[in-house]
Amino acid sequence: MAGASRWANIDDLESQRKKEKEEKKRLKQLKQQQAETEAEALRAKKEQEELDSRPAKKRKLSPSPENRSASASSGEKRKLLRFEAGGWGPCRNVSNFETLNHIEEGTYGWVSRAKETATGEVVALKKMKMEYAQDGFPVTALREIQLLQHSKHQHVINLREVVMGDQLDEVYLVMDFIEHDLKSLQEIMPEPFLASEVKTLLLQLTSALDFLHTHWILHRDLKTSNILLNNRGILKIADFGMARRTSDPPPPNLTQLVVTLWYRAPELLLGTTTYDFAIDMWSLGCIFGELLSKEPLLQGKNEVDELSKIFSLCGIPTDMSWPGFRRLPNARSLKLPRDVEQNAGSIIRTKFPFLTTAGCGLLSSLLALNPESRPTAQDVLAHPYFKEAPKPKSAALFPTFPSKAGGEKRRRASPHAPVRGGAAPGLGGKEIDFSGIFARRDEEQHGAGFTLRMG
Ligand SMILES: Nc1ncnc2c1ncn2[C@@H]1O[C@H](COP(=O)(O)OP(=O)(O)OP(=O)(O)O)[C@@H](O)[C@H]1O
Ligand SMILES: [Mg+2]
């Protein structure tokens, strides 16, 4: 432009230079930021790789012999072992809670409903019994606390904290309060659960069991009174007083006297001390049967009677169906009928006439005498029984019932969990004659879906 001032051009140049300088500064900052981000990502990746290279479950605390000699000879700088400290801290006092009502006295504790004074939240308090303490603190209580702390799952009872009373031996577990246990609930229900409800309960229970088993935890006391159900149809496994960690192969000489009698697997009754997750799967089968009929399935009066009831329902073990069962300690005192062609499936079908073929198949496999023939929790979750009609009912649609746990102390006629450390009763040492166990069966007429006992 003709009339444009010279100074104006100089000003333009000046501002252009300033802009370029600023741009250079911005780019430099950007580069620096990028470099920092890259360095950070590299550091995080290294840390992750280090974490990944550590074994997840069974952590080795000492180097393997080959590595030990290699690292010793190479004079490599030794690293100190580091243990995770966990979340230990001082426990709160039970005076932070106000007892509302007692729920139940079990083998290992007294359970009450309580309110946390500060928040008004209702919880369940389990006061641990100390009479089973051998070295200051009962091992069952220690296991229950430790295993519950490590079992955070939607269908496992949530342990909120452990609180103390005024005495050192007053220890309480503070848990979420759940309105019902399946045993008390069935006692007040006019009719058994519907097939769609049984499926939902079984799926929830099995998903918790799958979680426990994949984390190497055996529950060892599955029964309807240890399974809680809230008013939103959500089930929770409780009572880890008998639970313990296991391994593959299972540790030798496990306690034989575990699992409440009516839910105890035949291998335990026959005296095995090397058992695995299959004992929980047997209990699951007993619970399945109980949910269908509202009655415990195998109500033995003692160990011999329990075995007799098992054999009547599931058939007699043979060397074919259960190789090696005769070597179990208590099997030597059994006198079993010869040549009895028993088909457990058909007896179960007669007892549960409304159960579909797939349902009968699942129940008989869970109640297989041979522990190796029982399905795993994973197998159960994938079973066709859950795919066929009626479909599992949505938990939100579950009926609600008034909570007995919010009312008076209950009384029960069913057996409690076995006492830890007690001697396993065995079968009395004498010969036990089961040879006539199916004698009256011949007198039964099997109809389609019903059994008619003659005479
Ligand atoms: N979190 C909870 N909410 C509501 N009720 C509970 C809770 N935990 C336990 N209960 C009730 O208390 C009862 C006894 O609890 P638990 O099974 O933990 O004690 P236990 O002494 O080990 O019993 P047992 O020896 O009879 O198996 C349960 O059957 C259930 O009815
Ligand atoms: Mg219990």
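In this predicted model, a hairpin is formed by strands S2 and S3, with five residues between them. Within that turn sits Gly120, whose phi is positive, at about 75°. Strand S3 covers residues 122-128 and runs antiparallel to S2, to which it is joined by seven bridges. One pairing to look for here is that of Arg113 with its bridge partner in S3, Ala124.

On the N-terminal side of this arrangement, S2 (residues 109-116) also pairs with strand S1 (residues 97-105). These two strands are again antiparallel, and seven bridges join them. S1 and S2 likewise form a hairpin, here with three residues between them. A helpful landmark in this pair is His102, whose bridge partner in S2 is Ser112.

The three strands met so far return in the surroundings of ligand 1. Around this ligand lie 24 residues, of which Glu104, Gly106, Thr107, Ala124 and Asp239 come nearest. The elements giving two or more residues to this shell are S1, S2 and S3, together with strand S5 (171-176). Ala124 thus appears twice in the picture: as the bridge partner of Arg113 and among the residues that come nearest to ligand 1.

As for its make-up, the shell around ligand 1 holds twelve nonpolar, seven polar and five charged residues. Two domains take part in it: domain 1 (99-175) and domain 2 (180-443) each supply at least three residues to the shell.

Notes. Residues numbered from 1 in each chain as written. Chains lettered and ligands numbered in written order. Predicted model: local features only at pLDDT ≥ 70, side-chain atom pairs only at ≥ 80, totals over all residues. Pairing = 2+ DSSP bridges. Helix = DSSP H or I, 4+ residues; strand = E, 2+ residues; numbered from the N terminus. Near = placed C-beta within 6 Å. Nonpolar A, V, L, I, M, F, W, Y, C, P; charged D, E, K, R; others polar. Domains from an automatic or database assignment.
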